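Thanks, everyone. I have one model to show today, and I will go through a few places in turn. Please have the sequence and the structure open.

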Amino acid sequence: MNIKWFPKTSQGTVSIYETHITLNKVASAYFKDAYRALVGYDKDNDLLLIKALDKEEASLPKYSKNDLHQISIKPSYGRINGKGIIQNLMEFHPLDFSKKSLYKFKCDWEASQKMLKVYLQREVS
């Protein structure tokens, strides 16, 4: 018998709602030790970026208090609240919450930069 066993495949996903961003268990695991997060947009690659910061990094003068977002990590998900973040994102990437209550996207962890890359062109249904 020639059997090929399949491992668990776990893909990180990020759901964007009108008032917050939710990370699934896989994606939120990278932020379990984060004190704050930076949220930004890469125009060239159409990526939402979420960078984990520890307390020491968050206190560096290069980051304004307005740049730092609280991230709540629960056992099965993570969340960044803020309608303003979503409105900023919508200036660069179209999201219509009158048509859909949430948008879900694939993501990958960039370990060298401690950053989650959310692929806004890879929507998950």
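I start with Asp46, which counts as buried because its relative accessibility is 11%, and the cut-off for buried is under 20%. Keep in mind that this is a predicted model. Asp46 sits in the loop between β3, residues 36–42, and β4, residues 47–53.

What is the nearest side chain of opposite charge to Asp46? That is Arg122, 10 Å away, and Asp46 has no salt bridge despite being buried. Asp46 does have a polar contact, though: its side chain and that of His93 are joined at 3.1 Å. Setting aside neighbours within four places in sequence, the contacts of Asp46 are Tyr41, His93, Val118, Tyr119, Leu120 and Gln121. The backbone deserves a remark too. Asp46 is not a glycine, yet has a positive phi of about 50 degrees. Most residues other than glycine have a negative phi.

Val118, one of the contacts of Asp46, takes us to the core. The largest nonpolar core has 24 residues, and those with the most contacts inside it are Ile16, Ile21, Ile50, Leu116 and Val118. Which elements each supply at least two residues of this core? They are β1 (13–17), β2 (20–24), β4, α3 (83–90), β7 (102–110) and β8 (115–123).

Take Ile50 as an example. Not counting neighbours within four places in sequence, Ile50 is in contact with Ile21, Leu23, Phe31, Ala37, Leu38, Ile80, Lys114, Met115, Leu116 and Val118. There is also a second, separate core, of 5 residues, with Leu53, Ala58, Tyr63 and Leu68 among them.

Lys114 was on the Ile50 list, and I want to stay with Lys114 for a moment. This lysine lies in the loop between β7 and β8. Lys114 is another residue that is not a glycine but has a positive phi of about 50 degrees. With a relative accessible area of 29%, Lys114 is partly exposed.

Now the charged pairs. Side chains of opposite charge can pair when their charged atoms come close. How many salt bridges does the structure hold? The number is 6, and I will mention three.

In one, the side chains of Glu57 and Lys114 meet at 2.9 Å, N to O. This pair links distant parts of the chain, with Glu57 in helix α2, residues 55–58, and Lys114 in the β7–β8 loop, 57 residues apart. Glu57 is partly exposed, with a relative accessible area of 22%.

In another, Glu18 pairs with Lys83, and the closest N and O atoms are 3.8 Å apart. Again distant parts of the chain are linked: Glu18 is in the loop between β1 and β2, Lys83 is in helix α3, and their positions lie 65 residues apart in the numbering. Glu18 counts as partly exposed at 40% relative accessibility, and Lys83 counts as partly exposed at 41%.

The third is between Lys32 and Asp33, at 4.0 Å, N to O. Are these two buried or exposed? Lys32 is exposed, and Asp33 is exposed as well.

Last, Val26, which is in helix α1, residues 25–28. Val26 is partly exposed, with a relative accessible area of 26%. Its C-alpha atom is separated by 6.7 Å from that of Gln11, 15 residues apart along the chain. Beyond residues up to four places away in sequence, Val26 touches Ser10, Gln11 and Gly12.

That is what I have; questions are welcome.

Notes
Residues numbered from 1 in each chain as written. Predicted model: local features only at pLDDT ≥ 70, side-chain atom pairs only at ≥ 80, totals over all residues. Heavy atoms only, no water. Helix = DSSP H or I, 4+ residues; strand = E, 2+ residues; numbered from the N terminus. Buried < 20%, exposed > 50% of the residue type's maximum accessible area, 1.4 Å probe, protein only. Lys, Arg positive; Asp, Glu negative; His and termini not counted. Polar contact = N/O pair within 3.5 Å; in protein donor to acceptor, adjacent residues only side chain to side chain. Contact = heavy atoms within 4.5 Å. Core = buried A, V, L, I, M, F, W, Y, C linked by side-chain atoms within 4.5 Å.
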